Amino acid sequence: MTKKGRYLRAAGVTSVALASLAMMATSSGASSSTIAKGKPVTIGISLSLSGDFSGDGTAFKQGYQLWADSVNKSGGLLGHQVKLDIVSDASSPTQVVTNYQKLISLDHVNLTFGPFSSLLSLPAARAVDRYGYAMVEGAGGAPSVFQAGLTNLFDVSMPVKDALVPFAKWIAALPANKRPKSVAYVTTNDAFTEPQIPVAKAIISAAGVKTKYYSVFPAETTDYTPIADAVAAAKAQVVVLGSVDVPTVSAFMQAFEQAHYNPQVFIATGGPDQGTAFSSVVGIKNADGMMVPNAWYGSATTPGSQAMVAAYVKKYGGTPATVSADVAEAYSVGQITQQAVIATKGFDNSKIIKYLHSGVTLTSVQGGVKFDKLGENNDATAFTFQWQGAKFVQVNPTANKASKPVLFPKPVWGS
Amino acid sequence: MLDGVLTGSVYALMATGLTLIFGVMNIINIAQGILVILGAYLSYTLSVHFGIDLFVGLIITIPTLFVVGVVVERLFMARLKGPERTSMSILVTYAISLIIEGSLNMIYSINVVQLKAWYVDKSFPIFGVYLPYIYLFGFILAVVLLTSLYIMLYRTRFGASIRASLADQVAAALVGINVARVSTICFGLGIAVTAAGGMVYGATNAFNASTSYDLISRLLTIIVLGGMGSLGGALLAAILMVTLGDVVAVVWSPIWSSPTFFFVLVIVLSLRPQGLFGKQSARVA
């Protein structure tokens, strides 16, 4: 390259860099606290509409859309119709960052809602934090997300590490002659599942239940048979599976049935909460007795929940039992943001962040929401749900009035 | 171990199509993963909506995917010419993959499904362990199809044409072989076997269109290890990949399953860059 060429190239690179900086500088002011009359308020969201989390991502889209429909029907947010700007991240932590940068710098959205999963929420929150935006999210409650120390991140759902606590306490509280003697723990190395296991294990072990198997498998595993066979060979009476999706749970269930292994209790951290997306894959008979921790289910009686479920069934079909908990998590994100916008009388993200950190108690279809300084919802209550026949019911905390008796021991496969 | 051999044979079936297409046409078919899933969805449709048994349904799905393969080859692959043909094929087949993935998502939704039949969840005792019927039936199916493919390649006149095209396309054309026709049929055959692989995969795993990404990475690994263009290599590599992964998962830890296999892959490729059974001369630059 000639000397002149080098100068031209350097000048070109400098121009692009300056232009990029200028764009970022102007875009940081894109979060306008006022919106012209008649203009919609735009909310930028990156969702996993393909890839590993596509099932959850689609349910989240439905939840966000239901909330927007509800708000728009009642006159909008501070008089502005809500417009969702949703882009797909294909379940990629890299793409999610690009998406939020685009949504803020190019699309100039007014607010942002979170993506699905802890894996994506953390990089997404970091990206929007650079622009001073708040990120209210419904599925990113892993401890690693909050350990990042971001002040703009708020999770409306329960902190995931506590999810299995009611289940573990139920096992520990069983009379000694009925309490299972052994347990197997197997989990994917995911930020959502792994933190739940040690908390549950500490409670269950303290009750004298012996750990017969403990294993972590990589998230990219596609052939679960050898792992499931190893669990079956341990012959533990309880299986605690750290899973994030239906295929993982389905694979373990199928392998257990093929190995003629029928644990008395089988709980999976994710998958059985997916309504018909779960029961249609594994079959209603095999679903019977399967347990899952969560903060919400289709028959929940929290304020607004039944109205949301009715709206869901009207728009997307199905029954209350088929509504995924993801829908409620996404809907709750909208509700909390709505309350913050109304309280701060505008769309100024810095004011919204300050308000959400103020210790105020808010309400959502999942129940109360009160954020600590890390953005975790301290007011959330963990429940355990169980498939009983074709119904998905709440079974603990046992002291809760809405809890039904646990189907214990779990029926044998296919019966 | 037994599971690994049985499952490996099904992966071999899926990878065979990929390696056959590369061997004859120098095309790297990135769409092979989604075509396996398409095969699984076709079996699902026949089973759920028409009550046709999964194995009986192959009588319909295998010819259907053969036709799909022929159409794709005529519409897209046959138009790829010149020295950049192989690299261009990656882009074109990736585009085809995205189109099929989007179409499947629209038709079947993104919710996962799994193929059902009496033999999918059932097993029988043998040597102190339970062997799932579906693995045994899948293995038998793979053996029958791979043997048929082998006989076709090594015991028929058309097979000789394929092998001649595989060795040297120019020389094959000079002796009167219609290389274009051979390529079209090979592509069709390569896609047709995904119907069988997809059916067994769909009976042993819950799947949706996105599952294809996991599949294609495994299939590409198999044919690289086995030697691109080698049918025997694909079979051995598939069994090695699954068996090694399973043994490490049980004996050591599932965490070390993939790293151990890829360590073996790197060692093999360091010693034999053409893979276990690959022939450098079979490749066309």
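What follows is a short exchange about a predicted model.

Colleague: Start with chain A. Into which domains is chain A divided?
Modeller: The model is predicted, and the bounds come from an automatic or database domain assignment. Each domain is written as two segments of chain A. They are domain 1 (41-159 + 303-369) and domain 2 (162-295 + 383-396).

Colleague: What distance separates the centres of domain 1 and domain 2 of chain A?
Modeller: The two domains touch: the contact takes 14 residues from domain 1 of chain A and 13 residues from domain 2 of chain A. Their centres are taken over C-alpha atoms. The separation is 29 Å.

Colleague: Which residues have the most contacts inside the largest nonpolar core?
Modeller: That core has 108 residues. Domain 1 and domain 2 of chain A each give at least three residues to it. The residues with the most contacts inside it are F252(A) and F256(A).

Colleague: Which helix gives the most to this core?
Modeller: The helix in question belongs to chain A and spans residues 325-344. Its share is nine residues. It is α13.

Colleague: Which residues does F252(A) touch?
Modeller: Leave out residues up to four places away in sequence. Three aromatic contacts remain among the others: F217(A), Y224(A) and F266(A). The rest of the set is V186(A), I227(A), A228(A), V231(A) and L241(A).

Colleague: How many residues are in the second, separate core?
Modeller: Chain B contributes to this one. Among its members are A15(B), I37(B), L38(B) and Y41(B). The count is 81 residues.

Colleague: Turn to α4(A). How many of its residues are buried?
Modeller: Helix α4 of chain A runs over residues 118-129 and has 12 residues. It reaches 16 Å from its first C-alpha to its last, close to the 16 Å expected. The helix is mostly covered. Buried residues include L120(A), L122(A) and V128(A), and the count is nine of 12.

Colleague: Which elements do the buried residues of α4(A) pack against?
Modeller: The partners belong to chain A and include both helices and strands. The helices are α3 (93-105) and α5 (143-146). The strands are β3 (111-113), β4 (135-137) and β5 (153-155).

Colleague: What volume does the largest cavity have?
Modeller: There are five cavities of 30 Å³ or more. The largest is lined by 29 residues, with F116(A), A139(A), V160(A), F192(A) and E329(A) nearest its centre. In chain A, α4, β10 (291-294) and α13 each supply at least two lining residues. The volume is about 380 Å³.

Colleague: Is G270(A) buried or exposed?
Modeller: G270(A) sits in the loop between β9 (265-268) and α10 (276-282) of chain A. It touches S243(A), V244(A), D245(A), V249(A) and V292(A), with sequence neighbours up to four places away left out. Its relative accessible area is 5%, and the cut-off for buried is under 20%, so G270(A) is buried.

Colleague: Is L265(B) buried or exposed?
Modeller: L265(B) lies in helix α12 (residues 257-271) of chain B. Apart from neighbours within four places in sequence, it contacts T221(B) and L225(B). The relative accessible area is 10%, again under 20%, so L265(B) is buried.

Colleague: How far apart in space are L265(B) and M241(B)?
Modeller: Along the sequence they are 24 residues apart. The spatial distance is taken C-alpha to C-alpha. It comes to 9.1 Å.

Colleague: Now the backbone. Which residues does the cis bond with omega near 20° join?
Modeller: Most peptide bonds are trans. Another cis bond joins F408(A) and P409(A), with omega about 0°. P397(A) and P409(A) both lie in the segment after β14 of chain A. The bond with omega near 20° runs from N396(A) to P397(A).

Colleague: Is K235(A) buried or exposed?
Modeller: K235(A) has a positive phi of about 55° and is not a glycine. Its place is the loop between α8 (225-234) and β8 (238-242) of chain A. Its relative accessible area of 59% is over 50%, so K235(A) is exposed.

Colleague: What is the relative accessible area of H260(A)?
Modeller: H260(A) also has a positive phi of about 55°. It is found in the loop between α9 (246-258) and β9 of chain A. H260(A) is partly exposed, at 47%.

Terms used
Residues numbered from 1 in each chain as written. Chains lettered and ligands numbered in written order. Predicted model: local features only at pLDDT ≥ 70, side-chain atom pairs only at ≥ 80, totals over all residues. Heavy atoms only, no water. Core = buried A, V, L, I, M, F, W, Y, C linked by side-chain atoms within 4.5 Å. Buried < 20%, exposed > 50% of the residue type's maximum accessible area, 1.4 Å probe, protein only. Helix = DSSP H or I, 4+ residues; strand = E, 2+ residues; numbered from the N terminus. Contact = heavy atoms within 4.5 Å. Expected span 1.5 Å × (residues − 1). 1 Å grid on protein atoms, 1.4 Å probe; cavity = no way out; pocket = protein on both sides within 12 Å on 5 of 7 lines; lining within 4 Å. Points joined across faces, edges and corners; volume = space filled by probe spheres on them.
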